[in-house]
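Here are my notes for you to read with the model open beside them. Take the points in order and look up each residue as you go.

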Amino acid sequence: MERALIILKPDAVQRGLVGPILSRIEQRGLKLQGLKLMQVTEALARIHYGEHEGKPFFQGLVEYITSAPVVVAVVVGKAGTVEMIRTMVGATNPAKAAPGTIRGDFGVEIGRNLIHASDSPESGERETSIFFDDAELIQQWDRATDAWI
Ligand code: RTP
Ligand code: MG
């Protein structure tokens, strides 16, 4: 199994797009292993986006992600799940994201691009451990009963 952390960013929550975005992921056949509404602290944002520290957009990114509640989820599926979700999310800049992608259908601004998704299975594991305790994650999703996943 492979997993990705997704964050429905403040603009997605404020615009009432939590349902539509999660629907796309569910309809694709991916499973949620964890899900919560939360306010990201500055400390958490700096750890999560640590790879971007020092870049010109970093401070604005931290302010954006901490500005209002977000929905955080862990999505699990077979190998290739992370790449599949990144394809569904679309290019970082919504103005350049393909129609049919989440960013390409719902956004226009790079600084308000609606959703974060882990960029590798390793990032998926790292980010999951930043946002969720093991006790918050469902462990018993079973391929034998969910054979179509
Ligand atoms: P994310 O990490 O949020 O899933 O986005 P991503 O992989 O597509 O893009 P990444 O390069 O990791 O950038 C992280 C977030 O920083 C903001 N950003 N702003 N103004 C800019 O040039 C700029 N570049 C990046 C975006 O919110 C992006 O999602
Ligand atoms: Mg990224």
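**Notes on the sheet and the ligand shell**

1. Let's start with strand E1. Of its 7 residues, 6 are buried, so E1 is largely enclosed by the rest of the structure. Keep in mind as you read that this is a predicted model.

2. Now zoom out to the sheet that E1 belongs to. This open sheet has 4 strands, and going across it you meet them in the order E2-E3-E1-E4, with antiparallel pairing. Which strands are at the edges? They are E2 (31–38) and E4 (115–117), and each of these pairs on one side only. On average, neighbouring strands of the sheet are turned by 15° against each other, if you ignore direction.

3. Next, have a look at how E1 and E3 sit together. E1 covers residues 2–8 and E3 covers residues 70–77, and the two pair in the antiparallel sense over 7 bridges. You can check the direction yourself with two partners: isoleucine 7 has valine 72 as its bridge partner in E3, while leucine 8 has valine 71.

4. E3 also pairs with E2. These two strands run antiparallel and are joined by 7 bridges. One partnership to find on screen is leucine 32 with valine 75 of E3.

5. How many residues of E3 are buried? The count is 8 of the 8, so this strand is largely enclosed by the rest of the structure. In a regular strand, side chains alternate between the two faces of the sheet. Here Val70, Val72, Val74 and Val76 point one way from E3, Val71, Ala73, Val75 and Gly77 point the other way, and all are buried.

6. Over to E4 at the edge. E1 and E4 run antiparallel too, joined by 3 bridges. Across this pairing, isoleucine 6 stands opposite alanine 117 of E4.

7. Histidine 116 deserves a stop of its own, and you'll find it in strand E4. The UniProt annotation "active site", from an unreviewed entry, covers His116. Is histidine 116 buried or exposed? It counts as buried because it has 20 C-beta neighbours inside 10 Å, and 20 or more is what the label requires. Leaving out residues up to four places away in sequence, histidine 116 touches Ile6, Ile7 and Lys9.

8. What surrounds ligand 1? The shell consists of His52, Phe57, Leu61, Thr92, Ile110, Gly111, Asn113, His116, Ala117 and Asp119. So His116, the residue with the "active site" annotation, is part of this shell. Sorted by class, the residues around ligand 1 are 4 nonpolar, 5 polar and 1 charged.

9. One last oddity to check is leucine 114, in the loop between helix H6 (102–106) and E4. Most residues other than glycine have a negative phi. Leucine 114 is not a glycine, yet its phi is positive, at about 75°. Leucine 114 is also buried, because 24 other C-beta atoms lie within 10 Å.

How values were computed
Residues are numbered from 1 along each chain as its sequence is written. Chains are lettered from A and ligands numbered from 1 in the order in which they are written. This is a predicted model: local features need pLDDT of at least 70, side-chain atom pairs count only at pLDDT 80 or more; totals for chains, interfaces and linings use all residues. A residue is near a molecule or strand if its C-beta atom, placed from the backbone, lies within 6 Å of it. Ala, Val, Leu, Ile, Met, Phe, Trp, Tyr, Cys and Pro count as nonpolar, Asp, Glu, Lys and Arg as charged, and the others, Gly among them, as polar. Two strands pair if DSSP finds at least two bridges between them. Axes are lines fitted to C-alpha atoms, for helices over the stretch in contact, and angles run from 0 to 180 degrees between N-to-C directions. UniProt positions are given in the numbering used here, feature names are shortened, and annotations may be inferred rather than shown by experiment. A residue is buried if 20 or more other C-beta atoms lie within 10 Å of its own, exposed if 12 or fewer, and partly exposed in between; C-beta atoms are placed from the backbone. Two residues are in contact if their C-beta atoms, placed from the backbone, lie within 7 Å.
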